[in-house]
Structures are given as C-alpha cells and as structure tokens.
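Me: I am new to this structure and would like to go through it slowly. Could you take my questions as they come and show me how each conclusion is reached?

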Amino acid sequence: MDAFLLQILNGLDKGSAYALIALGLTLIFGTLGVVNFAHGALFMIGAFCSVTLQRLLNLSSETIDPTKTDFLGNPLKVKTPYVESWFGPELGGTIIEWSVPLAILFAIPVMLFIGYAMERGLIKHFYKRPHADQILVTFGLAIVLQEIIKAVFGANPIQTPAPDALSGVVEVLPGIVYPAWRVVNFCFSLVVIAGVFAFLQFTTFGMVVRAGMADRETVGLLGIDIDKRFTAMFGLAAAVAGLAGVMYGPINAPNYHMGMDFLVLSFVVVVVGGMGSLPGAVAAGFLLGVLESLASLEVVISAIPGINQIIIYLVAIVILLTRPRGLMGRKGVME
Amino acid sequence: MGILDVKDVGKRFGGLQALSDVNLSVKENTCHAIIGPNGAGKSTLLNCLVGKLIPDTGSVMFDGNSVLGRSPHEINQMGISRVFQTPEIFADLTVMENMMIPLFAKRDGAYRLHGIESVSSERELVSMAEQMLEDVNMLDKRHMHSASMSRGDKRRLEMAMCLVQNPKLLLLDEPTAGMARADTNNTIDLLKEIKEKRDITIAIIEHDMHVVFSLADRITVLAQGTPLVEDAPENIKGHPKVQEAYLGEAH
Amino acid sequence: MFGLEKKDTTLLILVAILTMAAPFILNPFPEGSGLAQFNAGYPDLMQRFVIFGIFAIGFNILFGLTGYLSFGHAAFLGVGSYSAVWMFKLLSMNIIPAIILSVIISGLFALVIGYVSLRRTGIYFSILTLAFAQMSFALAYSVLTPITNGETGLQLTLDDPRILGASATADGSIPVTNLFGLEMRSAFDLAVGPWTFTFSAGYYVCAVIMLLAFYLSIRIFRSPFGLMLRAIKSNQTRMNYTGLNPKPYTLAAFVISGMYAGLAGGLMASMDPLAGAERMQWTASGEVVLMTILGGAGTLIGPVLGAGAIKYMENIFSKINDNVLHGWFSFMPDGIENFMVAIVHPFVGKGWHLTLGIIFMLVVTFLPGGLVEGGQRVGKALRRNKDEDSKNASTEPAE
C-alpha cells in the first residue's frame, strides 16, 4: 500500500513537469497554430537559467591568506564570493544556497524574452507554411539551442541542489515520508497552472486570447491586434516551460539533452489531452505521470515485463486511434 | 425509374432538419437541375449522393445499386464523377498528370500497384488524355503546372478530368459560382457541347438561373430541405410557388 | 535505356560514375598535406555515405512523394540491423541471406506500424510514428534483451551456431562477413605518387546495392504508383472523388520506405556485424529527415546529396580541433588568430551539430527545396547571365 501511494506521489511529481511543458505547447498550438518542436529546448534552457544564476552568485574574488598554506606550502588562496563580501557571509551564504528558488525570479524575464525573440525572429515567418515545415524548423532550432548550451556549459550534467531547508524529507501522510523538494515542485506547478488559467480567465488580455483560440479571424476583424497578444502568449509559454525546468533541476541534474528527452513525452501528453485543450494538457500530464509510475510497481512489472517503459506510448497510440481528438480536445483540430 | 433515384431522404443536423422527404428521379441522358434559395439543402443533398454524408432515412439508388454507406471512391467507381464549387485539382502536378490520374482510376480500379513501368509508356491512356484536352481546348497547356492556371482553366481541367472517365452521371456543384459573365458563358457552351456529343446524364446544382435555363431538361426546386416542384424549365419559370420561394428569400 | 527517359538515364549514369570513382574523387588531397584531413575516401566513411544514401532514398519515397512525415524510420533501420546480425549468428557469414532477412523483417514491421499509423494524417501521423519508434527503442533496451542484448548491443561470439559456416575460424577468431568468400573488410591500396587510394570490397558492394536502390526509386517516381503518391500529397479530396483509395497507396509507400531502411540497416551490420538500440532512437529518425530535407525532398538525387553532406560534415567537421584551427589562421597576428579560432571553435569539432542545426534552419526557411533547389537557382541565374551575354554579343556587331 505504501509503495502504491509512493508511486502515486512520484507520478504526480513527474506529471507536474509533463503538465507544465504540455501546457506551454498547447498555448502555442492553440493560439498560434504552430507545432513547436523547440519547446523541450525551452524547458532545458529554464534549467540552465538556474545553473547560470548559481554560477553568477558564486563569482568570487580571490585573496591570499598569508597565515595559512596549502599542502604544497604555498600561501593559501581563499575564494570569497562577491555576494558574501557584499552581504556578509551569513546572508550571502543563504542567497547562494537559495539559488534555485531565486532562479525562478531570474528565469521569468529571461524566458519571456527568449520566447518573444523566438516568435518575432523565426516562428512568425512560418504561420502560413505547412505544419511539416513548422515541425522541421523548430526541430532545427531545438538542435541549435541544445548545442549552444552544450558549447557553453559542457556535456556533463551540472548539479543545482535545492536549499538545505527544502532538501530533507517531509511526512506527507501519516507514515509516508517524501523528499521535500518534490513536494515543493508539485505545489509550485499547481500554482503556475492556476496562475495561467486565472490569467486567461479573468483578464481582458486572457479573454481576447481565448476568443482568438476559438476563432482567430473574427477577433481579428474586431480590430484587436491579436498578433501582438499571441506573441506575448509565446513568451508566456516559454516562461512556463522555463519554470518547469528550474524546478526540475534539483530532481535531475540539468544536462543539454534533457529537452529532447522530455519533448517526445510532452507531445504525447498533448495528443492524449487533446490538441488545443489546456485543461486536457494538464490532466493528461498528471494522468500519464501517475500511470507511468504505477506501471513501475513491482507487481505490475512482474505481470507485464517492460510495461513501465512503454505505457505512455501505448496509451497515446490507443487514444489516437480510438479518440483522435484526445481526452478533452475539440473536434476537427488539425484533422 | 431513372438512373439516379432518391427516395424519402431525410437528414438532420442536431436541431436542424436539413432534408426531409426528398424524392427525385434523374432520367438517363438528361440534364437535371436542382435549384433553390440559399440554405435549401442543395449541398447537403449532393453530399448524400456522393458518399460524404449518409442520410438518416430513405434510399439513394444509382443504376440499380444503393450508394448509401459507400465511400466517395467506391461511388466514383460506380460511374459518378463530381465537379466541385471551387475546382479541386491536383495543383502540384502538371495538366497532363492531372489527366492521367482519372484514367488510371478508371482502368485499374481504386488501387493497383504499378511501380515499375513509367507513366509515359502507357501510350493508349496518354492519347486518350490528349484527346480529351483537345476537346476542351487545353492541349497547348498540357505541360503547364496546374496551380498557375486561371480559375476558368482550372474549372475546365476539372471538368475534363471527370469526363475522361466517361461517367454515367456527372454531378456539378455550382460550376459557375464566382465566375465572370464571360467565363460563365464559356462554361455553358462547354457543357452544351458535352451534352450533345456524349451519352451522359448531368445533375447540376445551381444558383444562377441563366445557367439553369440554358442547360436543364428538367428542374427540381428545393426549399427548406424539401422539393417544392419538379417540372420542365418552361413550366418552372412562371410557377407561383417558385416565385414565392425566391422572392421570400429576397425579402 | 534501362526503361528510363533520357534525362533520368543521364542522372543514373552520372551517379554510377561518381560512386564507382568515389575512392578517387573523395581523396583529392595528397597524403600528408595540410588538406588531407578533408579527404573522405576511406572505406568506413564511404560505406556510410552510400548506406545512409539508401536510407534517405527510401525515406524520400514516403515523405518526398506523399508528404507524410515519419519521425520513426530509424526503428526499421534498427530492426534490419538486428535481423542481419542474427542471420550471421545462426546461419552463415554470407551477407546475402542477412540482407534478405533484414528487408523482409523490416518490411513486415513497417506493415504493422504503417497500418496503424496511417489511420491518422498530418501531425498525428508524425506523433504516432514517433511513439512507435520510441516504444521499440525502449523495448529493445528492456524486455527484448534476449533478442537485442540490451545496452551492450548484439554481437557475434565464438559459440554462435552458424549452421552453414564455422563458429570460429581455424585460428580461433570470429569469422568475418563476406559475399560468397569475398571478405567485406578486404581492401586494396593503390599508391600514385603522394596519393593513396583505397578500394574496399565492402564499399563496392554497398555502392552497387545503392545504385540498384536508386534505380528502383527512379522507376517508382516515374510510374503510375509514384504519380498516385504525388496526388496524395497534392489533394486527397480530389483523389477520393476520382475513384482512388489513397490508403493502400500510402501504406505501400510506407512499407517500401521501411524496407529501404531495413536494407540500410542490414548493410550496416554486414560491414560491421553488431547492432545496438541507439540506432532506433527518435533523434536517429530525425537525422534521416534532416538528410532528405537538406538535399531536397521529393527530388531524385536530393536525399543522396543530403546523406553525403551530413555524413561528410559529421566525420570531417568533427575532426577539426583547435590545433587545426590555429594551423589555418597561423598567418594572422597572434591576437587576431586567437580571436578567429575562438569564433570558429564552437562550430567545428564537437560543435558540428550546431553548424548542422543552423544550416538546416536556413534551408527550411529559405530553400525548402534543399540543395537541389539551390543548385537549380544557381543554374538558372548562370543561364540568365549567359543569355544576356550572348544577347550583348549578338547586338555588338550591329553597332
């Protein structure tokens, strides 16, 4: 029973990353009608925002401490991060330790800008082109982004640890302990999802965008500059993916190909949820995360070997064949 | 009994009764026009004939066989060819290639794997295609990319693609919609010529009265999803019910 | 000739000459010279050129003609490789039965996946093929380990049965792949002055098979079947109303392209008898997409060009390290030299994927017809210049 509950928690945790990426993909697809194969790369860049911030905070001044020597007998070089010399060792140390949560603040403007630049610089020119071309050019972009990150940060994974206060375990249910950061990750993703939905639901901006998703031409005829808003949506989607990346860092050390690894799964999530349906993307994200985790239960694996590896794809294939519009999709989207 | 018999056909979309009690019989080697104001159900009826929609009630018999539940390609193989409101052609291909495809479909059926011999080695079919292009005055354009042609030429090509299959029944869906007067007259002439030269049955859905009265041997007036009258053109012109249906639309 | 029109015959003969003379053409620089690193005339790389050429030719039959974008074709290549290695383990080291089995098995596999995937079109089709390929990849790593040998990859061992051959050679090593006794790895070096040209049996076997595959694809392109496939890409509505059922045509194209991929996989295993699951990963499928688009989807020669270009870059670009760069820019003052090296550095060596990604994006954006379209545009521009020249020339005497 404990194993079962634990896997549900694991599933929700993994599902929160799926849900956030799929949410962004759907925002882009629903508003702009573009199939974005570079979305995984945005997730990856988010994770590297937190790597970057960690490096920035650790920039150090070097002083020589004449009183101590290293093992070769030379005077010891002491590195003091500027942050510590500015704010004092205690506050400075805390800031460095909390670099991942701080990276959330750092990642939002960065990701908004990257999303904006991507849409204006590239995607804009592909609205009228066939979907195959959109897939191809964003696939090319994904390769380029991932190679840039590889050139800058190297090919090895880089640890971005959670602050000590959040890296222990907590008792989530009586008798069940679970890593604290994963709980934070899950709750944070719920907040982001709620934020996006509230934004779309309650602001005029969101209303226009939703109307545009339903019928772009009519909204255009009303004299509303829908394109500008859609550009902003691309930025928002990039930010959502980036936040998912930041939060995922402490769970799995970021590496340059994590985007490609998540991309296929997120597309599967979008398809299962229903192309163009935001609630569908979120629901399918959590659902598939949980299914994947449950399939790794020993009971299940011993009954059907290998099922944990393929369950998501299997579900996607069955859904696509029996219910092509997915769980919650509208009829006729891209059919 | 005609070549095409529509009996008691009804079709409902949600709360809207698009067609009800449609009875219609198209006699062999005639031109039968179906007219009616906008929203009368003309297009729905046409889609029921070609397999795109399946009516809720009634039957559609073509040449003694039911067409219901068959897919569009099966219905074409039975001998019905369709011309669309906006020309549907293979825009990426040349005019000649456009013509070869229906000829292969006619000779080889819905599917046959011919992967080795080249298209140009099919001399007999090539000369049939050329003959047909000659008939519609397009032979000089046979190497043209069909996407780059005028709308009138595209319509002409689509018509040629249908006719080259020697269909028993040619269905025309507003063939002159959106055309300039001159093009419309050209199309009328083309259709008249086809009627004279070939043993072919034509069913035409049309809004333009000029086209209808130039071509039709018999006219069915459809209003609100149900046939109002069916008669010869000279009797339709002054028919009070027809005037009412059309004037009703105008006001 | 060969049942082809003149233009196609010329193309075929040209490709045949180029592939047959490849050991010369790809080795233009004398050994030991500074440019020798750009030579590509060694057997291993030349084999990869033609094998990936076959893969891309097959992919083009599906994507180039019908427009159905499959992101799972590497799965068929992987299945082909596994089948071939099993044939070497169980039957004999002759490559013919191995290749035949690869083509058959991958064809059957493609039939199943294609039948299911082709029930959807557009992006849904792409994602279905992606899902199937990833599933095969995951299974090859886990449950199917008895067949695939998991992460280690499937290899030959000394105690394989090899019914029609020996488990081990007289000196106790694993026998090598051969074509009726002609060993695939045997090669013959020809030294002409400072040049050395290597003629490898394996390369010529692959090259001949590639030419056959290319010839078959020309026949398919020009046949009624090829015409139907292009019709599917152009307008499926008109196709239906013309009495044609697009589905079996698309499925046939899918299976044929899957068999081409299997053939490539079988050849790969014939040159180097091992097979691993990484050949099936979706990024490997992405590679053949890149090749086809880069060369020119829907054109005859495009995929071969694309495969050659990418494999050349992969092998030659990736060898350029900082030392080589310093060598290039050594004529410059030190500061500028270091600056140039720093600028070029990210695009070569391990960073060659970056160059590939950028080129690919540029091609998709500005040159959707790929290298072939680029060539045609250049050709047209040249011809126009020539025409103008000749016009000028003809007007001159009048003056």
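Me: What distance separates the centres of domain 1 of chain B and domain 2 of chain B?

Reply: Happy to start there, with the note that this is a predicted model. Taken over C-alpha atoms, the centres of the two domains of chain B are 27 Å apart. The domain assignment gives domain 1 as 1-79 + 167-251 and domain 2 as 91-165.

Me: How do you know that domain 1 of chain B and domain 2 of chain B are in contact?

Reply: Two residues count as in contact when their C-beta atoms lie within 7 Å. By that test, 11 residues of domain 1 of chain B meet 10 residues of domain 2 of chain B. On the domain 1 side, helix 2 (72-78) and helix 6 (181-197) of chain B each supply at least two residues. Helix 6 of chain B gives the most, with 5 residues. By class, this side of domain 1 has 6 nonpolar, 4 polar and 1 charged residues.

Me: Why is B:Glu174 called buried?

Reply: The cut-off for buried is 20 or more other C-beta atoms within 10 Å. B:Glu174 has 20 of them within 10 Å, so the residue is buried. Its place is in the loop between strand 7 and helix 6 of chain B.

Me: What does B:Glu174 touch, not counting residues up to four places away in sequence?

Reply: B:Glu174 touches B:Gln85, B:Ile205, B:Glu206 and B:His207. The C-alpha atoms of B:Glu174 and B:Thr86 are separated by 8.8 Å, although these residues are 88 places apart along the chain.

Me: What makes strand 6 and strand 10 of chain B edge strands?

Reply: Each of them pairs on one side only. They belong to an open sheet of 6 strands in chain B, in the order 6-7-8-3-9-10, with mixed pairing. Strand 6 covers 80-83 and strand 10 covers 226-231. On average, neighbouring strands of this sheet are turned by 20° against each other, direction ignored.

Me: How do you know that strand 9 and strand 10 of chain B pair?

Reply: Pairing takes at least two bridges between two strands. Strand 9 (residues 218-223) and strand 10 of chain B have 5 bridges, in the antiparallel sense, so they pass that test. Here B:Thr220 stands opposite B:Glu230 of strand 10. Helix 1 (residues 42-49) of chain B packs on the sheet, touching strand 3 (31-35), strand 7 (169-173), strand 8 (201-205) and strand 9. The direction of helix 1 makes about 150° with that of strand 7 of chain B.

Me: In which sense do strand 4 and strand 5 of chain B pair, and over how many bridges?

Reply: Strand 4 and strand 5 (residues 65-66) of chain B pair in the antiparallel sense over 2 bridges. Since pairing needs at least two bridges, that number is enough. B:Met61 has B:Ser66 as its bridge partner in strand 5. The hairpin of these strands has 2 residues between them, and B:Asp63 takes a positive phi near 55° there. Strand 4 (residues 57-62) also pairs with strand 1 (residues 4-13) of chain B, in the antiparallel sense over 5 bridges. In that pairing, B:Lys7 has B:Ser59 as its bridge partner.

Me: Which chains touch, and which do not?

Reply: There are 2 pairs of chains in contact, and chains A and C share the most contacts. In that pair, 35 residues of chain C are in contact with 32 residues of chain A. Helix 6 of chain C gives the most to its side, with 12 residues. That side divides into 22 nonpolar, 11 polar and 2 charged residues. For chains C and B, 24 residues of chain C are in contact with 28 residues of chain B. Helix 9 of chain C gives the most to this side of chain C, with 7 residues. Chain A and chain B do not touch, and their nearest C-alpha atoms are 14 Å apart.

Me: Which residues have the most contacts inside the largest nonpolar core?

Reply: They are A:Val268, C:Ile54 and C:Phe55, in a core of 295 residues. This core draws at least three residues from each of domain 1 and domain 2 of chain B. Among the residues that C:Phe55 touches are C:Leu77, C:Tyr260 and C:Val288.

Technical notes
Residues are numbered from 1 along each chain as its sequence is written. Chains are lettered from A and ligands numbered from 1 in the order in which they are written. This is a predicted model: local features need pLDDT of at least 70, side-chain atom pairs count only at pLDDT 80 or more; totals for chains, interfaces and linings use all residues. A nonpolar core is a set of buried Ala, Val, Leu, Ile, Met, Phe, Trp, Tyr and Cys residues joined through C-beta atoms within 7 Å. A residue is buried if 20 or more other C-beta atoms lie within 10 Å of its own, exposed if 12 or fewer, and partly exposed in between; C-beta atoms are placed from the backbone. Domain bounds come from an automatic or database domain assignment. Helices (H or I, at least four residues) and strands (E, at least two) are DSSP runs, numbered from the N terminus. Axes are lines fitted to C-alpha atoms, for helices over the stretch in contact, and angles run from 0 to 180 degrees between N-to-C directions. Ala, Val, Leu, Ile, Met, Phe, Trp, Tyr, Cys and Pro count as nonpolar, Asp, Glu, Lys and Arg as charged, and the others, Gly among them, as polar.
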